[in-house]
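Visitor: I would love a friendly walk through this model. Could you show it to me before we talk about how its chains meet?

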Amino acid sequence: MISLTDFLIVSAILFCTGLYMIVSKRNAIQVLIGIELMLNAAILNLVAFSKYDRFNNGGQLFALFAIVLAAATTAVALAIILNVYRQYKTIDPGKIDQLKD
Amino acid sequence: MSLVQGLFYLMSFIAVASALFVAGTKNLVRAIFLFFITLFALAGLYVLALADFVAITQIVIYVGGILVLIVFAFMLSGRETLNTLGQPGGNFISIRKLPALLLAALFLIVLINMITAADADHLIWIKNSVQMKNDIQPNAAMTENIGINLMTRYLLPFEAVSVLLMIALVGAAHLSRKEGSA
């Protein structure tokens, strides 16, 4: 069977890819995709460990909760991005640096 | 090498490669559609980790919901989003991205070190679980058990998540309303 370490390494690579996207991208939507990637890496860990928990299913259930929370986060974040675009005419996180109108 | 292992390596290769391409490409539309591939490959990995219900949920919510939402927002935010992306910024590894690359690579090294040091396959509770036959067998049907657990043991987080989801959706609708109409 597949060992847990394999799952952990795949998820570590995905997590670091997401981290790279969050730090380097200059478009809020791409930053959001990076966050989704990191969340998915965490969910992969939960699911991988959940294989050894047949009766309580803790990992799988919290993976489901994490997916639902990711959906809620994305909806709110996209609404904020649309508002920011309407206000500033750009969605570059580096250029949005004013609190006033 | 068994079929399962081969499938695992194939799926993880697809997931990692498409994620790297998403990180590397300049074209936002291509990045979003490649993110589809990453999510599908991750669903395949969930199936290989014997969590088929989570895999289906992943496909339904992520691919069906979140990505459509991202495409929607991207199409709504107009032409200028595309133009800011098309600016010449050099190739994949430019000097501007070096700190980010360094951070991610160092963090990856730390994580890999930690994973090899933790040696997850020989943890005590995992050995106990295999001994007590508490690990999921490939022919087990887990969906019924998940449903029962969701309504008994994890009822409080379930309710909390449902309330939070409703708040988030109301908030999103409130944020994206037209100016002055509310």
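Visitor: How many residues of chain A are in contact with chain B, and how much area is buried between them?

Guide: Keep in mind that this is a predicted model. Here 69 residues of chain A are in contact with 86 residues of chain B. Carbon and sulfur atoms give 74% of the area buried between the two chains, which is about 7300 Å².

Visitor: Which three residues supply 10% of the area that chain A buries against chain B?

Guide: No other three residues of chain A supply more of that area. The trio is A:Tyr20, A:Tyr52 and A:Arg54.

Visitor: Which element gives the most to the side of chain A that touches chain B?

Guide: The elements giving two or more residues to this side are α1 (4-24), α2 (28-50) and α3 (58-88) of chain A. By residue type, the side divides into 46 nonpolar, 14 polar and nine charged. The most comes from one helix, with 23 residues: α3(A).

Visitor: How many salt bridges and polar contacts are there between the chains?

Guide: The rule finds 19 residue pairs in polar contact across the interface of chain A and chain B. For salt bridges between chain A and chain B, the count is zero.

Visitor: What geometry does the pair A:Phe62 and B:Tyr154 have?

Guide: This pair crosses between chains, from helix α3 of chain A to the loop between α7 (143-151) and α8 (155-175) of chain B. A:Phe62 is partly exposed at 38% relative accessibility, whereas B:Tyr154 is buried at 11%. The ring centres are 5.6 Å apart and the planes stand at 90°, over the 60 degree cut-off, so the pair is edge-to-face.

Notes
Residues numbered from 1 in each chain as written. Chains lettered and ligands numbered in written order. Predicted model: local features only at pLDDT ≥ 70, side-chain atom pairs only at ≥ 80, totals over all residues. Heavy atoms only, no water. Contact = heavy atoms within 4.5 Å. Buried area = accessible area lost by both parts, 1.4 Å probe. Salt bridge = Lys/Arg side-chain N within 4 Å of Asp/Glu carboxyl O. Polar contact = N/O pair within 3.5 Å; in protein donor to acceptor, adjacent residues only side chain to side chain. Helix = DSSP H or I, 4+ residues; strand = E, 2+ residues; numbered from the N terminus. Nonpolar A, V, L, I, M, F, W, Y, C, P; charged D, E, K, R; others polar. Phe/Tyr/Trp six-rings, centres within 6.5 Å; stacked < 30°, edge-to-face > 60°. Buried < 20%, exposed > 50% of the residue type's maximum accessible area, 1.4 Å probe, protein only.
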